[in-house]
Amino acid sequence: MASEVNLTTHPYDRLTPDLILDAVESVGLRADSRQLALNSYENRVYQIGLEDGSRVIAKFYRPERWTDAQILEEHAFTRTLAENEIPVFAPRGFENHTLHRFSDFRFSLTDYAIGRAPEFEQAKTLEWMGRFLGRIHAIGAQSPFAHRTALNPTTYGHDALALIGAGDFVPASLQPAYTAVTVQALQGIAQAYDRAGSVRNIRVHGDCHAGNVLWNDGPQFVDFDDCCSAPAMQDLWMLLSGSREEQQAQLGTVIDGYEDFMEFDHRELHLLEALRTLRLIHMSGWIAKRWADPAFPRAFPWFGTERYWQDRILELREQIALMSEPPLTV
């Protein structure tokens, strides 16, 4: 069973509706009574109505997750992208500041965005996504992050396994099997990195799945909270789904658009399944790390059950097999 937690003593307990509105008004905006909590676990995000009829998105950062320097680096990256006419929602500045404080919470404000879910199964959509990711990466490659996390087998793999092992999350009957298959998966990841060689880390979105793209006459990229230093492939593999043959065709379409603006390093093809595997390991570690937040036991009540960890063992075994296959080609 997952470790027992105290569900009544978390910093977000103090983030009341009145405090949220007071925070928004502290930068000079006038809020009305409209307030809607949006789907977010890592931070707390709200749609706030203003007296002039417009709306803003207020994001309250998880305490002690990022340093100010890391948050400001995210802000600077997204604002640079916006200045280069890439459709991202960068934080708004008030008196030349994008990161604000109110009652011990740090928060930012962005414009309200509307759009539908992207249809990644459409070739035209994938090519369009490839072009914009090529533009994002062309700017991301111009200079490195100094403070943001680097995505690699240690930060997303070994650290997650250590965190899970330190808590009472995996049922005792499955602990040896989960540890063994994860270690084997990490060995496969290391071999994939060896095959890829010295690929370059650049500034990337880091979490470019369909939920972080709004479609409105083209893609609009939101939520750069996980932007990091990583191979370009980290932003590309999440666009792919289906059988190997389907992913092969999808990847070719994405790269066709991507290379209009940014050369793709074909050595990174060796990392596609390795990065997918790292995300799977990281996700369980992420839930474990946040288990003391009452939102997580409510959202993931199956975490800690035998079924959950049996499924994780099975998917890691499948990934080990996929990492041993020849990579996709373009």
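In this predicted model, His75 counts as buried because its relative accessibility is 1%, which falls under the 20% limit applied to that term. The residue has its place in helix α2, which covers residues 68-83.

Beyond its neighbours within four places in sequence, His75 is in contact with Tyr61, Pro91, Thr98, Leu99 and Ser108. With one of these residues, Thr98, the side chain of His75 also makes a polar contact, side chain to side chain, at 2.7 Å. Val181, by comparison, stands 106 residues from His75 in sequence, and the C-alpha atoms of the two are 38 Å apart in space.

A second buried residue is Arg203, which lies in strand β6, made up of residues 202-204. Which side chain of opposite charge is nearest to Arg203? That side chain belongs to Glu73, and it is 7.1 Å away. Arg203 has no salt bridge, because such a pair would need a side-chain nitrogen of Arg within 4 Å of a carboxyl oxygen of Asp or Glu.

The side chain of Arg203 does, however, have polar partners in the backbone, with the oxygen of Gly140 at 3.2 Å and the oxygen of Ser143 at 2.8 Å. The surroundings of Arg203, not counting residues up to four places away in sequence, consist of contacts with Phe77, His137, Ile139, Gly140, Gln142, Ser143, Pro144, Phe145 and Cys228.

The polar contacts of the two residues are set out below.

| Side chain | Partner | Distance |
|---|---|---|
| His75 | Thr98, side chain | 2.7 Å |
| Arg203 | Gly140, backbone oxygen | 3.2 Å |
| Arg203 | Ser143, backbone oxygen | 2.8 Å |

Definitions and conventions:
Residues are numbered from 1 along each chain as its sequence is written. This is a predicted model: local features need pLDDT of at least 70, side-chain atom pairs count only at pLDDT 80 or more; totals for chains, interfaces and linings use all residues. Side-chain values use heavy atoms; hydrogens and water are left out. Helices (H or I, at least four residues) and strands (E, at least two) are DSSP runs, numbered from the N terminus. Buried means under 20% relative accessible area, exposed over 50%, partly exposed in between (1.4 Å probe, protein chains only). Contact means heavy atoms within 4.5 Å. A polar contact is a pair of N or O atoms within 3.5 Å; within protein, one must be able to donate a hydrogen and the other to accept it, and residues adjacent in sequence count only if both atoms are side-chain atoms. Lys and Arg count as positive and Asp and Glu as negative; His and the chain ends are not counted.
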